[in-house]
Amino acid sequence: IERHMEQFRSQNKKVQEQLDQAIESYEDKFTDTANVLEYDASRLEKKYLHGKFMHASEIPCLAERSDMAMCYNTNKTNPAVCDAFIEALTECATKTITAK
């Protein structure tokens with residue numbers, strides 16, 4: 001019985017370490033995305049408060065940002081579902097930055 005308990009403890013420790021790593025990874029992704037969204041929101045707020053009107057087509061990556069925000073709002077308990085939207089936003093942002 002003691003040998004089985006040791007095996008269980010060892011396996012449990014490995015599983016807990018994997019879970020801790022996954023949680024840390026999700027927290028990092030969430031923090032990065034939240035920072036990007038906060039920056040974008042602040043920047044857009046400054047543009048709109050100064051009276052300059054922009055058409056939706058002039059706002060870079062608007063669809064990607066909206067899709068990602070909507071995904072996070074509807075999948076609060078499982079943000080990993082939104083990875084594809086993060087990748088799409090990253091790709092769009094990269095293209096936008098390198099085009100300028």
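**Exercise 1.** Determine which side chain meets Lys95 in a salt bridge, and how the two residues are placed in helix H3.

*Solution.* Step 1: in this predicted model, the side chain of Lys95 meets that of Glu91 in a salt bridge, at 3.2 Å from N to O. A salt bridge here is a side-chain nitrogen of Lys or Arg within 4 Å of a carboxyl oxygen of Asp or Glu. Step 2: Lys95 and Glu91 are four residues apart in helix H3, so about one helical turn separates them. Helices (H or I, at least four residues) and strands (E, at least two) are DSSP runs, numbered from the N terminus. Step 3: Lys95 is exposed at 52% relative accessibility, whereas Glu91 is partly exposed at 46%. Buried means under 20% relative accessible area, exposed over 50%, and partly exposed in between (1.4 Å probe, protein chains only).

The model is predicted: local features need pLDDT of at least 70 and side-chain atom pairs count only at pLDDT 80 or more, while totals for chains, interfaces and linings use all residues. Residues are numbered from 1 along each chain as its sequence is written, and side-chain values use heavy atoms, with hydrogens and water left out.

**Exercise 2.** State how many salt bridges the whole structure holds, and examine those of Asp83 and Asp40.

*Solution.* Step 1: the search of the whole structure finds five salt bridges. Step 2: one of them joins Asp83 to Lys29 (3.2 Å, N to O). Asp83 belongs to helix H3 and Lys29 to helix H1, so this pair ties together parts 54 residues apart in sequence. Step 3: Asp40 pairs with Arg65, with the closest N and O atoms 3.3 Å apart. This pair links distant parts of the chain, Asp40 being in helix H1 and Arg65 in helix H2, 25 residues apart. Step 4: Asp40 is buried at 11% relative accessibility, and Arg65 is buried at 8%. Step 5: Asp40, Arg43 and Arg65 are linked in a network of salt bridges.

**Exercise 3.** Identify the disulfides and their pairing.

*Solution.* Step 1: two disulfides (cysteine sulfur atoms within 2.5 Å) are found in the whole structure. Step 2: Cys61 and Cys92 form one, with sulfur atoms 2.1 Å apart. The torsion about their S-S bond is about -100 degrees, so this disulfide is left-handed. Step 3: Cys71 and Cys82 form a disulfide, also with sulfur atoms 2.1 Å apart. Cys71 lies in helix H2 and Cys82 in the loop between H2 and H3, eleven residues apart. Step 4: with the bonded cysteines numbered in sequence order, the pairing is 1-4, 2-3.
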